[in-house]
Structures are given as C-alpha cells and as structure tokens.
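Hi everyone, thanks for coming along. Let's have a look at the structure together, and I'll talk you through it piece by piece.

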Amino acid sequence: MATLHILSHSPFADSRLSSCLRLLGPQDGLLLTGDATYALQAGSVARQALELTPDTVVMFALTEDVDARNLTDIPQRVQPLDYPAFVELCCHFDKVNSWL
C-alpha cells in the first residue's frame with residue numbers, strides 16, 4: 001500500500017524528517033509543507049538526506065510555503081503543488097500519514 005507522508009515541522013527542530021525517511025516505502029510519496037520546506041535549503045544536511053532518497057519515492061512541496069520562505073534552488077525531482085493539487089494528491093494514495 002502506497003502512503004503519502006506529510007511533514008510540516010522544521011527538519012532542524014526535531015527528528016521527524018529522518019524518522020520519516022527511514023520508513024518510506026518504494027511507492028510512497030513525501031509532501032513538505034510549512035517549515036518542513038526548509039529541508040530544501042541547498043547545502044543542508046536535510047537536503048542531502050532528501051537527495052539520497054530512492055528515485056521511486058515521489059516528492060512534493062507546497063508552493064505557497066516554498067515561496068513564503070524564499071526557497072529558490074529546489075531539486076528538480078520535487079514537484080510543486082498548490083492547495084487544490086494537495087487535496088487531489090491525497091486521493092491518489094492508499095493512505096495519508098501526517099507527521100504531527
């Protein structure tokens with residue numbers, strides 16, 4: 001069963017990102033929202049961890065949150081989403097897990 005994992009907390013504040021990355025299955029998806037988008041900062045340990053994630057895991061980031069944090073150098077494999085696409089994305093996975 002494919003799961004969409006949603007992260008919203010800063011990767012620099014706790015270990016949710018690393019815990020999530022360890023549990024990702026080959027057909028899972030990862031959506032970064034809120035402060036979790038800071039994981040996309042170039043040169044950060046969090047970004048390096050994302051780049052080591054298998055290519056079969058699809059990655060997304062909420063455009064509004066990326067723009068609000070002025071993040072410009074986003075990896076090509078991270079697909080930007082707006083809110084309507086976020087809702088639609090949730091329907092494409094068997095399960096949705098929000099890392100609260």
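**What packs over helix H1**

The buried residues of H1 have a cover that includes strand S1 (3-7), S2, H2 and strand S5 (95-99). Before I go further, please keep in mind that this is a predicted model. Which residues of H1 are buried? They are Leu17, Ser19, Cys20 and Leu21. Let me pick out Leu17. Setting aside its neighbours within four places in sequence, Leu17 is in contact with Leu7, Pro11, Ala39, Ala46 and Leu50.

**The strands, one pair at a time**

Let's start with S1. Are the residues of S1 buried or exposed? Five of its five residues are buried, so this strand is mostly covered. You can see that on both faces: Thr3, His5 and Leu7 are buried on one side, and Leu4 and Ile6 are buried on the other. As a general point, side chains in a regular strand alternate between the two faces of the sheet.

S1 has two partners to show you. With S5, S1 runs parallel, and five bridges join them. If you look for His5, you will find that this residue stands opposite Asn97 in S5. S1 also pairs with S2, again in the parallel sense, over four bridges. Here Ile6 has Leu31 in S2 as its bridge partner. To get from S1 to S2, the chain passes through H1, and this β-α-β crossover is right-handed.

Next, S2 and S3. These pair in the parallel sense over four bridges, and Gly29 has Val58 in S3 as its bridge partner. The chain crosses from S2 to S3 by way of H2, in a β-α-β crossover that is right-handed.

What about S3 itself? Four of its five residues are buried, so the rest of the structure largely encloses this strand.

That takes us to S4. Strand S3 (residues 58-62) and strand S4 (residues 78-81) pair over four bridges in the parallel sense. Two of the residue pairs are easy to find: Met59 has Val78 in S4 as its bridge partner, and Leu62 has Leu81. Between S3 and S4 the chain goes through helix H3 (residues 63-68), and this β-α-β crossover is right-handed.

**The nonpolar cores**

Now for the inside. In soluble globular proteins, nonpolar side chains tend to be buried together. In this model, the largest nonpolar core has 19 residues, and those that touch the most other members are Leu7, Leu17, Leu30, Leu32, Leu40 and Leu50. Where do its residues come from? Helix H1 (16-23), strand S2 (29-32), H2 and S3 each supply at least two of them. The largest share, three residues, comes from H1. There is another core lying apart from this one, with ten residues, including Ile6, Phe60, Leu81 and Phe93.

**A few residues to look at**

Let's zoom in on Arg47, in helix H2 (residues 45-51). Is Arg47 buried or exposed? Its relative accessible area is 8%, which is under 20%, so Arg47 counts as buried. Its side chain makes a polar contact with the side chain of Glu51, at 2.9 Å. Beyond its neighbours within four places in sequence, Arg47 is in contact with Ala39, Leu40, Gln41, Ala42, Asp73, Ile74 and Pro75.

Another one to find is Asn70, in the loop between H3 and S4. Most residues other than glycine have a negative phi. Asn70 is not a glycine, yet it has a positive phi of about 55°. How accessible is Asn70? Its relative accessibility is 61%, so it counts as exposed.

Last stop, the cysteines. How many disulfides does a search of the whole structure find? The search finds zero. Take Cys90, which is in no disulfide: the nearest cysteine sulfur, that of Cys91, is 6.8 Å away. A disulfide needs the two sulfur atoms within 2.5 Å, so that pair does not qualify. Cys91 is likewise in no disulfide. As for their surroundings, Cys90 is partly exposed at 21% relative accessibility, whereas Cys91 is exposed at 67%.

That's my tour, so please jump in with anything you'd like to look at again.

Conventions. Residues are numbered from 1 along each chain as its sequence is written. This is a predicted model: local features need pLDDT of at least 70, side-chain atom pairs count only at pLDDT 80 or more; totals for chains, interfaces and linings use all residues. Side-chain values use heavy atoms; hydrogens and water are left out. Buried means under 20% relative accessible area, exposed over 50%, partly exposed in between (1.4 Å probe, protein chains only). A polar contact is a pair of N or O atoms within 3.5 Å; within protein, one must be able to donate a hydrogen and the other to accept it, and residues adjacent in sequence count only if both atoms are side-chain atoms. Contact means heavy atoms within 4.5 Å. Two strands pair if DSSP finds at least two bridges between them. A crossover is right-handed if, with the strands pointing away from the viewer, the path from the first strand over the helix to the second runs clockwise. A nonpolar core is a set of buried Ala, Val, Leu, Ile, Met, Phe, Trp, Tyr and Cys residues joined through side-chain atoms within 4.5 Å.
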